[in-house]
Every structure is written in C-alpha cells, then in structure tokens.
Amino acid sequence: MDQGGAPPVFSVSAEGDGVRLHVQVTGEVDMATADTMFQTALREPAKQLTLDLRAVTFFDSAAIHAVVRLAQKFPAALTVLPSRQVRRVLEISGLGEQDWLADA
C-alpha cells in the first residue's frame with residue numbers, strides 16, 4: 001500500500017546519560033514492532049528508564065508484554081508516559097494501577 005509520503009507508522013529513539021534513558025516511541029506498537037521498542041530500551045546501560053508512549057496511536061498485547069518485561073528488568077526504575085490510547089489498553093488489561101504508569 002502506497003502511503004504517499006505519510007509519516008512512518010512506527011519509530012523509536014533513545015537518549016541516555018548512563019544513568020537515565022529516555023525512549024521515545026511514535027506510531028503503532030504491535031507484534032511487528034514491540035520487540036524493537038524493547039530492544040531499544042535495553043541498548044544502552046541505564047538505572048532509570050522512561051518509556052515515552054505519548055505519541056503511540058496503537059498498542060496491542062505484544063506491546064503490553066514488552067512493557068511488562070521492561071518493568072521486570074527495571075523494578076522501581078521504570079516510568080511509562082502513556083498516550084490516551086495506551087492508558088486505555090493498560091486499564092482494560094488490568095495494568096492501569098501499576099506504579100510505573102505515570103498519571104496523565
């Protein structure tokens with residue numbers, strides 16, 4: 001399908017200082033992209049991880065699994081900044097009250 005110059009459906013970038021890592025995710029996080037998000041979050045050493053999902057438009061079970069795995073790897077050191085869609089999916093899945101999920 002030709003998207004005619006439309007913005008990418010998914011992108012992820014990371015900035016870190018050796019202590020804190022900020023991972024910015026844009027677009028759709030699904031079975032095809034969730035592992036890329038996960039691996040990007042692990043690429044640089046960090047003690048604290050912020051997963052910025054405010055520009056995420058679609059979030060499926062593979063994405064949920066990736067976030068849960070990150071929460072296990074960064075106990076008490078993960079902050080997830082959700083978009084409205086991500087927050088809704090996490091609430092439906094029973095994860096809306098996790099300590100790592102930032103308030104709107």
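Colleague: Let's start with helix α3: which of its residues are buried?

Modeller: In this predicted model, α3 spans residues 84-92, and V86, R87 and L90 are its buried members. Look down the axis of α3: these buried residues fall within an arc of 100 degrees, so they line one face of the helix. On the other side of α3 you will find R84, R88 and I92, which are exposed.

Colleague: What covers the buried residues of α3?

Modeller: The cover includes β3 (48-59), α2 (61-73) and β4 (78-82). Past the helix, have a look at G94, which follows α3 and has a positive phi, near 90 degrees.

Colleague: Now the sheet. In what order do the strands run?

Modeller: Four strands make an open sheet, ordered β1-β2-β3-β4, with mixed pairing. The edges belong to β1 (10-16) and β4, each with a single partner strand, so one side of each is left without a neighbour in the sheet. From one strand to the next, the twist averages 15 degrees.

Colleague: In which sense do β2 and β3 pair?

Modeller: Strand β2 (residues 20-29) pairs with β3 in the parallel sense, over nine bridges. To find your place there, note that V29 stands opposite F59 in β3. Helix α2 packs on the sheet, where it touches β2, β3 and β4, and its direction makes about 170 degrees with that of β3. Helix α3 also packs on the sheet, touching β3 and β4, with its direction at about 95 degrees to that of β3.

Colleague: How do I check the length of α2 against its number of residues?

Modeller: Use 1.5 Å a residue: the 13 residues of α2 should span 18 Å, and the end C-alpha atoms are 18 Å apart, which agrees. The buried residues of α2 are A63, I64, A66, V67, L70 and A71. Seen down the axis, they fall within an arc of 160 degrees, so they line one face of α2. The face turned away from that buried side carries the exposed residues S61, Q72 and K73.

Colleague: What do the buried residues of α2 pack against, and which residue caps its N-terminal end?

Modeller: They pack against β2, α1, β3, β4 and α3. The cap is D60, with a side-chain oxygen 2.9 Å from the backbone nitrogen of A62.

Colleague: One last residue: is T40 buried or exposed?

Modeller: T40 sits in helix α1 (residues 34-42). Buried means under 20% relative accessible area, so T40, at 3% relative accessibility, counts as buried. Leaving aside residues up to four places away in sequence, T40 touches V12, S13, A14, L21 and V23.

Notes. Residues numbered from 1 in each chain as written. Predicted model: local features only at pLDDT ≥ 70, side-chain atom pairs only at ≥ 80, totals over all residues. Heavy atoms only, no water. Buried < 20%, exposed > 50% of the residue type's maximum accessible area, 1.4 Å probe, protein only. Helix = DSSP H or I, 4+ residues; strand = E, 2+ residues; numbered from the N terminus. Arc of directions from axis to C-beta. Contact = heavy atoms within 4.5 Å. Pairing = 2+ DSSP bridges. Axes fitted to C-alpha atoms, helices over the stretch in contact; angles between N-to-C directions. Expected span 1.5 Å × (residues − 1). Polar contact = N/O pair within 3.5 Å; in protein donor to acceptor, adjacent residues only side chain to side chain.
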